[in-house]
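Walk through this fold one element at a time. Keep the structure open and follow along.

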Amino acid sequence: MDLDQQIQSLIDKAPPDGSTPQILKAIAPALLLLAQQLKHLEYSILQTFEQSWAITVLSNLKQPGREKRVIYAFPSLQDASLAATAAGDRANLPVSMPVTHILFQMLALEGLDSIVFFETPGNLEVGTEVRREQVQNLINVYLQQYRSTPQSSSNNLPPNIA
């Protein structure tokens, strides 16, 4: 699926509540902009048996007590499986997902700081970090534009969409 098809899939799967598909259309440019900065159309995420994303808590050695909650996005199912095996993780399963869906879902995960996208298959040393705050700020720009247009004035946007 190319990026436009991914966005259309998100819109098609949105609840038909009158506003969510319109909101997705409004924030689509933000998701596309972020996705275009990454190398792959799909990434693999480790999920629990309950289908929650596996979150890794990273500690800062120079600042004890400071932590960051991240999700790793791997360039292939094989890389995700190898990473889980190397970490002795038998509880999580790799699942491949479109990149725009990962970026959109990131907003729903409370307490998540970043997603680290590994770009090179076989190399889990270097990744591209996409911070939740960065995604939220960019989406908020598009939501503000959407809210200021006349056709959106009749829609009731949830205040916590981003």
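Contact here means heavy atoms within 4.5 Å. The model is a predicted one.

Start with helix α1, residues 3-13, and helix α4, residues 99-106. Which residues of α1 meet α4? L3, Q6, I7, S9 and L10 do. On the α4 side, their partners are V99, T100, H101 and F104. The residues of this contact are five nonpolar and four polar, with no charged residue.

Now look at the geometry. Two packed helices are described by the angle between their axes and the distance between the axes. For α1 and α4, the angle is about 45 degrees and the axes lie 8 Å apart. Angles under 35 degrees count as roughly parallel, and 65 to 115 as roughly perpendicular. An angle of about 45 degrees therefore makes α1 oblique to α4.

Stay with α1. Its buried residues include L3, Q6, I7, S9, L10 and I11. An α-helix has 3.6 residues a turn, so residues three or four places apart point the same way. Look along the helix with that in mind. What covers the buried residues of α1? The cover includes helix α2 (20-36), strand β4 (93-98) and α4. At the N-terminal end of α1, D2 acts as a cap. A side-chain oxygen of D2 lies 3.1 Å from the backbone nitrogen of D4.

Next, turn to strand β5, residues 114-118. How many of its residues are buried? Five of its five are. Both faces of the strand are covered. S114, V116 and F118 are buried on one side, and I115 and F117 on the other.

Strand β5 also has pairing partners. Strand β3, residues 67-74, pairs with β5 in the parallel sense, over four bridges. Within β5, V116 stands opposite Y72. Strand β6 runs antiparallel to β5, and five bridges join them. Here F117 of β5 stands opposite T128 of β6.

Follow β6 to V130. This strand spans residues 127-131, and V130 sits within it. Is V130 buried or exposed? Its relative accessibility is 7%, so V130 counts as buried. Leaving out residues up to four places away in sequence, V130 touches L38, L103, M106, D113, S114, I115, F117 and V135. Compare V130 with H40: they are 90 residues apart in sequence, and their C-alpha atoms are 14 Å apart in space.

Helix α5, residues 132-147, holds Y142. Y142 and I27 are 115 residues apart along the chain, yet their C-alpha atoms are separated by 5.5 Å. Beyond residues up to four places away in sequence, Y142 touches A26, I27, P29 and A30.

Finish with two loop residues. N92 lies in the loop between α3 (77-86) and β4. Buried means under 20% relative accessible area. N92 has 14% relative accessibility and so counts as buried. With residues up to four places away in sequence set aside, N92 touches L46, Q47, T48 and A54.

Q51 lies in another loop, the one between β1 (42-47) and β2 (56-59). Is Q51 buried or exposed? Its relative accessible area is 63%, so Q51 is exposed. Check its backbone too. Q51 has a positive phi of about 70 degrees, although it is not a glycine.

Note on methods
Residues are numbered from 1 along each chain as its sequence is written. This is a predicted model: local features need pLDDT of at least 70, side-chain atom pairs count only at pLDDT 80 or more; totals for chains, interfaces and linings use all residues. Side-chain values use heavy atoms; hydrogens and water are left out. Buried means under 20% relative accessible area, exposed over 50%, partly exposed in between (1.4 Å probe, protein chains only). Axes are lines fitted to C-alpha atoms, for helices over the stretch in contact, and angles run from 0 to 180 degrees between N-to-C directions. Angles under 35 degrees count as roughly parallel, over 145 as roughly antiparallel, 65 to 115 as roughly perpendicular and the rest as oblique. Ala, Val, Leu, Ile, Met, Phe, Trp, Tyr, Cys and Pro count as nonpolar, Asp, Glu, Lys and Arg as charged, and the others, Gly among them, as polar. Two strands pair if DSSP finds at least two bridges between them. A polar contact is a pair of N or O atoms within 3.5 Å; within protein, one must be able to donate a hydrogen and the other to accept it, and residues adjacent in sequence count only if both atoms are side-chain atoms.
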